[in-house]
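Open the model in a viewer and switch to a cartoon view. The stops below go in order; make each selection before reading on.

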Amino acid sequence: MTARLTIHLDAIRHNVATLAAIAAPSRTLFAVKAGAYGLGMVPVARAGLAAGAEWLGTLEVPAALELREAGIRAPLFAWLHGEHTDFRAAIEAEVDLGVSSQAELRRVAAARAALPARVHLKVDTGLHRNGANPADWPGLVAEALELVDAGALRIVGLWSHLADASPEADAAALAEFHAAVAVAGALGVPLEGPDRPLLHLAASSAGIREPEARLDLVRFGIAAYGVSPFDDVDGPGLGMRGTLSLHAAVIEARDGIAVLDVGSADGVPPSVLGPSGLGAEVLLGGSRARVLAVGIDTLTVEADAAPGDAAIVYGPGELGEPTVEDWAAWSASIGDEILARASTRLPREYLD
Ligand SMILES: *Cc1c(COP(=O)(O)O)cnc(C)c1O
């Protein structure tokens with residue numbers, strides 16, 4: 001056996017089903033941005049849909065179009081748009097669009113698609129990433145309502161994104177969001193009845209711990225990949241299972257030292273031996289082996305081993321191997337980062 005990545009689709013399904021049950025009766029959007037946090041978008045998206053996610057979120061339009069081309073019919077949401085975003089293709093593929101400004105709204109309306117665009121208007125409630133600020137919000141809503149009357153679009157969502165900095169900050173942002181929804185209602189957006197837009201602002205953190213923030217839809221990302229969004233509990237502590245394993249093999253061994261065939265180019269954090277990084281380990285021959293050096297293509301560990309012996313750098317932890325969250329701690333990083341680093345050059349196997 002040589003170096004490879006294993007994506008545990010059974011764990012994705014378990015995690016999404018667990019999160020969807022936590023969020024219910026709110027619906028679940030499964031965030032598959034950045035190639036499903038590095039795991040591979042299409043197979044991971046399908047696993048999430050099979051487990052109870054009703055929506056998928058992709059960040060950009062091209063990724064949403066790729067899901068449509070793969071035959072996925074579920075509602076899709078894309079919210080970060082560049083200069084060259086093809087809104088017409090998005091609208092005609094029935095991809096819901098997050099819209100943050102009047103300028104963006106005009107570009108969507110100018111796409112002249114064969115269908116009205118499905119638009120989710122975004123208000124900024126303090127994260128300052130995008131979204132209309134409260135002063136610009138009434139103008140954005142009013143122009144959207146004119147475009148609804150003109151048949152160019154439908155307002156299918158009002159939304160925001162929480163900073164997850166603290167429960168207090170999230171509560172203040174939620175209050176700002178409700179105030180913005182009330183402004184939209186006063187301007188003529190129906191807040192009752194079958195045409196009312198979906199309200200959503202929670203991601204993993206608030207979706208798990210802040211029931212009042214779940215509203216109509218929770219957008220789960222990192223927790224579904226088995227990594228906790230909290231400092232005080234890890235993924236398994238939340239009932240989540242690890243979704244990615246990095247396997248390696250011994251290529252050289254002598255005098256209690258073994259060299260493995262993966263390195264920083266494969267996604268092992270190189271800074272693991274810095275001031276914060278003492279203590280990194282892998283599983284080799286059934287026990288933990290201390291990491292001595294991280295090279296570009298190799299990992300040197302302390303162990304009595306023989307060429308060909310199999311090692312696990314990280315995984316769900318069920319065999320005693322370290323987890324993605326352990327590596328995040330050893331490298332003073334976060335789980336999202338460890339997942340996203342996982343190399344595209346390694347062979348991948350999807351376990352069902
Ligand atoms: C990434 C993202 C999510 C998911 O966030 P997690 O913290 O990973 O659960 C939800 N909503 C938006 C807008 C995002 O960009």
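Strands here are DSSP runs of E, at least two residues long, numbered from the N terminus, and two of them pair if DSSP finds at least two bridges between them. The model is predicted.

**Stop 1: the hairpin.** Select strand 10, residues 244-254, together with strand 11, residues 257-260. The two pair in the antiparallel sense over four bridges. Show side chains for glutamate 252 and for valine 259, its bridge partner in strand 11. Two residues lie between the strands of this hairpin, and aspartate 255 there takes a positive phi near 45 degrees.

**Stop 2: other partners of strand 10.** Keep strand 10 and add strand 1, residues 4-8. This pairing is antiparallel and has four bridges. Next add strand 15, residues 310-314, which also pairs with strand 10 in the antiparallel sense over four bridges. Which residue of strand 10 should be centred for leucine 5? Leucine 246 is the bridge partner of leucine 5, and leucine 246 also stands opposite tyrosine 314 in strand 15.

**Stop 3: the parallel sheet.** Now select strands 2 to 9. Eight strands form an open sheet with parallel pairing, in the order 8-7-6-5-4-3-2-9. At the edges are strand 8 (198-200) and strand 9 (217-220), each of which pairs on one side only. Looking along the sheet, the twist from one strand to the next averages 30 degrees.

Zoom in on the edge at strand 9. Strand 2, residues 27-31, runs parallel to strand 9 and is joined to it by four bridges. Within this pair, leucine 29 stands opposite arginine 219. Add helix 1, residues 9-23: the helix packs on the sheet and touches strand 2 and strand 9. Its direction makes about 145 degrees with that of strand 2.

Then move to helix 6, residues 102-109. Helix 6 lies across strand 5 (95-99), strand 6 (117-122) and strand 7 (153-159), and runs at about 150 degrees to strand 5.

**Stop 4: between the domains.** Colour residues 9-225 as domain 1 and residues 244-351 as domain 2, following the domain assignment. The centres of the two domains, taken over C-alpha atoms, are 36 Å apart. How many residues of each domain are in contact with the other? Domain 1 contributes nine and domain 2 eight. The area buried between the domains is about 730 Å², and carbon and sulfur atoms give 61% of it. Across this interface there are four residue pairs in polar contact, while the count of salt bridges is zero.

How values were computed
Residues numbered from 1 in each chain as written. Predicted model: local features only at pLDDT ≥ 70, side-chain atom pairs only at ≥ 80, totals over all residues. Heavy atoms only, no water. Axes fitted to C-alpha atoms, helices over the stretch in contact; angles between N-to-C directions. Contact = heavy atoms within 4.5 Å. Domains from an automatic or database assignment. Buried area = accessible area lost by both parts, 1.4 Å probe. Salt bridge = Lys/Arg side-chain N within 4 Å of Asp/Glu carboxyl O. Polar contact = N/O pair within 3.5 Å; in protein donor to acceptor, adjacent residues only side chain to side chain.
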